[in-house]
Amino acid sequence: MDKRSSKPGTTVGYSYTTNTSDPLIGDGATIRSGTIIYDDVIIGDQFNTGHNVLIREFTEIGDNVLVGTKTVIDGRTDIGSDVSIQTGVYIPSHTTIETSVFIGPHAVLTNDPYPIRKSVKLEGPTIKENASVGANATILPDITIGTGAFVAAGAVVTEDVPPDTLAVGVPAQIHSLPVELQGGNNI
């Protein structure tokens, strides 16, 4: 898909500075009204957005990815294939989301441990394959959510979550993953 084939009410290929490259979007994409995709973005096949999505420069997204309404993906982010990002999610720059990940509505990922107070290298979270993040969860900078882990709704994750465990509470505490939550995501 290129700028000439985008639907009315979308901006596919927002040029944020000089010498940028049109975004590359694979086959079968559905990009809904109000969505803005910056230049220098690479997106795979079967990509779908809700309305009013923002995807910033130097983001790479795999195949079969859903990005829900009013989600913001800041630049310099990598997202694997078979990922479902629900409504109103915030994903900061320098975040990695691997394959088959689910991120629930209004989850907030962060990349700055000292907003405004200190100048530090920004480092978003890493969410490993088959992990799930519940609605309204908050994940602090430079946190790793392990393979197959499950972050409960409303949890505030301040430390790494080991693979195949459950993080619940404020601050999140780690528990054994209940049997009914084992086995990975079916996206």
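In the predicted model, a salt bridge joins E123 to K121, with 3.8 Å separating the closest N and O atoms. The two partners fall into separate accessibility classes: K121, with a relative accessible area of 71%, is exposed, whereas E123, at 29% relative accessibility, counts as partly exposed. Salt bridges that share partners also occur, and through them R56, E57 and R76 are joined into one network. By the rule applied here, the count of salt bridges comes to 4.

Within that network, R76 forms a salt bridge with E57, the closest N and O atoms of the pair being 3.7 Å apart. Because R76 lies in the loop between β9 (72–73) and β10, and E57 in the loop between β6 (54–55) and β7, the pair ties together parts of the chain that are 19 residues apart in sequence. The acidic partner, E57, has a relative accessibility of 8% and therefore counts as buried, the cut-off for this class being under 20%. R76, by contrast, is at 42% relative accessibility and so counts as partly exposed.

A further salt bridge is formed where the side chains of K128 and E98 meet, at an N to O distance of 3.4 Å. This pair likewise links distant parts of the chain, 30 residues apart, since K128 is placed in the loop between β16 (126–127) and β17 (132–133) and E98 in the loop between β13 (96–97) and β14 (102–103). Both residues are assigned to the partly exposed class, K128 with a relative accessible area of 28% and E98 at 25% relative accessibility.

Several of the strands that bound these loops belong to an open sheet of 7 strands, which has the order β2-β4-β7-β10-β13-β16-β19 and parallel pairing. At the edges of the sheet stand β2 (24–25) and β19 (144–145), each of which pairs on one side only. In general, strands of a sheet pair through backbone hydrogen bonds, in either a parallel or an antiparallel sense. Among the pairings in this sheet is that of β7 (residues 60–61) with β10 (residues 78–79), which runs in the parallel sense over 2 bridges, and in which I61 stands opposite I79 of β10. The strands β7 and β10 thus adjoin in the order of the sheet, and the loops that lead from β6 to β7 and from β9 to β10 hold E57 and R76, respectively.

Terms used. Residues numbered from 1 in each chain as written. Predicted model: local features only at pLDDT ≥ 70, side-chain atom pairs only at ≥ 80, totals over all residues. Heavy atoms only, no water. Pairing = 2+ DSSP bridges. Helix = DSSP H or I, 4+ residues; strand = E, 2+ residues; numbered from the N terminus. Buried < 20%, exposed > 50% of the residue type's maximum accessible area, 1.4 Å probe, protein only.
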